[in-house]
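Let's take a walk through this structure together, going from its packing to its charged pairs and its backbone. Keep the viewer open as you read.

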Amino acid sequence: MAEAKQTWLEDRLLSGVERIWGRDRLTVLAYHRIRNPSGFPFFEPVISATPNGFARQMDIVSQKYNAISLADLHGWLDGGTPLPPRAALVTFDDGYRDNLEFALPILQERGLPAVVFLSTDYVSRDRPFFWDAAAFCFRNTERSQADLPILGVRTWASASSISTEWIEAMKRQPDDRKDEAVAQLGALLDVRLPADIYAGELLTWDEVRSMMSKGFSFGSHTLSHTILTQLPPDQALRELKGSRLRLEDELDAPVRSLAYPNGTTADFSPQIEELAREAGYTAAFTMVPGPARSRAITANPMAIRRVSLYLDDSDRRFRAKLAGGGRIRSSLS
């Protein structure tokens with residue numbers, strides 16, 4: 001009885017939060033990896049949900065929202081059919097292969113479309129993202145103290161906490177500095193990444209085309225996943241335009257959408273938005289907490305909000321985030 005009453009109260013609260021944003025809104029879900037964390041050798045915060053957790057979340061989306069495709073979004077922005085009430089768009093960043101292995105069957109079972117934003121320099125390659133390489137080093141070292149690149153002397157008890165701190169610091173470094181620092185890190189920690197450690201972690205172009213034939217859409221996450229505000233304008237434009245052209249060449253289809261790497265308010269700007277337009281994009285997605293009202297999107301489709309999902313999101317927290325709880329919390333902080 002007490003549990004039923006608590007559930008009823010939660011539903012009432014969530015309904016109230018939903019009314020704050022109203023029916024005329026778009027909720028864009030932002031995922032990265034879908035997999036079980038057991039034995040995972042890389043950067044665990046990139047796991048957004050387990051397969052079972054993702055399935056439950058997609059059940060909630062099916063029951064409470066009207067899922068749209070990227071084509072639906074672009075059609076609406078072009079002045080076509082309006083979005084349905086409580087529209088939702090499922091997106092993934094980076095291009096991990098578990099999007100194909102675990103997420104695609106779950107989405108197909110429910111008839112839900114989705115979008116993957118690809119960092120095109122990594123497709124069909126076994127080269128790890130710097131955060132995964134760094135996490136592997138910290139997970140496999142026997143050391144608990146070192147004079148680390150960027151951070152300096154550190155002592156740690158948790159590989160997870162020190163890898164997160166180091167990765168956050170490295171995000172603001174130039175790409176060539178990242179590669180150099182990861183190599184230095186492995187040497188300092190006495191850890192060598194096996195040559196095949198990243199094999200099968202990322203999508204290939206053939207797999208991308210297969211997913212496209214099964215209902216997935218694809219957009220750009222730049223060439224190399226570099227933070228665009230850290231680059232001179234000419235380099236930022238190269239990242240934006242080069243990725244779009246590569247996608248269009250591989251997929252034989254127009255590409256008009258972009259997700260900014262990292263995606264916080266420090267990672268894009270009006271200048272970056274203008275460069276994205278120049279590069280051929282008509283819509284771009286951030287990691288600024290969503291959902292967003294339709295009029296805000298039409299006013300500026302180059303800064304669409306998203307709801308970031310994480311491994312420790314319970315079903316209750318997932319529902320609250322999609323109802324606007326994350327945006328309310330952000331506005332109060």
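The report below covers the nonpolar cores, one helix and its surroundings, the salt bridges, and a few backbone features.

Please bear in mind throughout that this is a predicted model.

**Nonpolar cores**

A good place to begin is the largest nonpolar core, which has 51 residues. Which of its members touch the most other members? They are Y31, F54, M58, F92 and L107. If you centre your view on Y31, you will find it touching S48, F54, Q57, M58, V90, T91, F92, D93, L309 and F318, with residues up to four places away in sequence not counted. Another core, of 31 residues, lies apart from this one, and W131, W166, L185 and L202 are among its members.

**Helix α9 and what surrounds it**

Next, turn to helix α9, which runs over residues 233-251. Its 19 residues reach 27 Å from the first C-alpha to the last, close to the 27 Å expected at 1.5 Å a residue. The buried residues of α9 are A236, L237, E239, L240, S243, R244, L247, E250 and L251, so charged side chains appear in this list beside nonpolar ones such as L237. What do these buried residues pack against? Their partners are β6 (114-118), α7, α8, β9 (216-220), β10 (257-259) and α10 (270-278). Right after α9 comes D252, with a positive phi near 50 degrees.

**Salt bridges**

How many salt bridges does a search of the whole structure find? The search finds 24. In general, side chains of opposite charge can pair when their charged atoms come close. Three of the pairs are set out here, with the distance between N and O atoms.

| Pair | N to O distance |
|---|---|
| D267 and R172 | 2.6 Å |
| R209 and E250 | 2.8 Å |
| R246 and E250 | 3.1 Å |

The pair of D267 and R172 links distant parts of the chain, 95 residues apart. D267 sits in the loop between β10 and α10, while R172 belongs to the loop between α6 and α7. Is D267 buried or exposed? D267 counts as buried because its relative accessibility is 0%. R172, at 32%, counts as partly exposed.

E250 takes part in two of the tabulated bridges, one with R209 and one with R246. The bridge between R209 and E250 joins helix α8 to helix α9, across 41 residues of sequence. R209 is partly exposed, at 33% relative accessibility. The bridge between R246 and E250 stays inside α9: the two residues are four apart in that helix, so about one helical turn separates them. An α-helix has 3.6 residues a turn, so residues three or four places apart point the same way. R246 counts as partly exposed, with a relative accessibility of 35%. Together with D206, the residues R209, R246 and E250 are linked in a network of salt bridges.

**Around K171**

K171 lies in the loop between α6 (159-170) and α7. Leaving aside neighbours within four places in sequence, K171 is in contact with F130, K178, I227 and N262. The side chains of K171 and E168 are joined by a polar contact of 2.8 Å. For a distance across the fold, K171 and H225 are 54 residues apart in sequence and 9.9 Å apart in space, C-alpha to C-alpha.

**Backbone features**

Finally, a few backbone angles deserve a look. The peptide bond from G290 to P291 is cis, with omega near 5 degrees. P291 is in the loop between β11 (283-289) and β12 (292-293). Another proline, P289, is found in strand β11 and is partly exposed, with a relative accessible area of 27%. From P289 to S163 the C-alpha to C-alpha distance is 25 Å, with their places 126 residues apart in sequence.

Which phi value does R86 have? R86 has a positive phi of about 50 degrees although it is not a glycine. R86 is in the loop between α3 (70-77) and β5 (87-94), and its relative accessible area of 21% makes it partly exposed. D190, also not a glycine, has a positive phi near 60 degrees. D190 is placed in the loop between α7 (175-188) and α8 (205-213), and at 63% relative accessibility D190 counts as exposed.

Technical notes: Residues are numbered from 1 along each chain as its sequence is written. This is a predicted model: local features need pLDDT of at least 70, side-chain atom pairs count only at pLDDT 80 or more; totals for chains, interfaces and linings use all residues. Side-chain values use heavy atoms; hydrogens and water are left out. A nonpolar core is a set of buried Ala, Val, Leu, Ile, Met, Phe, Trp, Tyr and Cys residues joined through side-chain atoms within 4.5 Å. Buried means under 20% relative accessible area, exposed over 50%, partly exposed in between (1.4 Å probe, protein chains only). Contact means heavy atoms within 4.5 Å. The expected span of a helix is 1.5 Å times one less than its number of residues. A polar contact is a pair of N or O atoms within 3.5 Å; within protein, one must be able to donate a hydrogen and the other to accept it, and residues adjacent in sequence count only if both atoms are side-chain atoms. A salt bridge is a side-chain nitrogen of Lys or Arg within 4 Å of a carboxyl oxygen of Asp or Glu.
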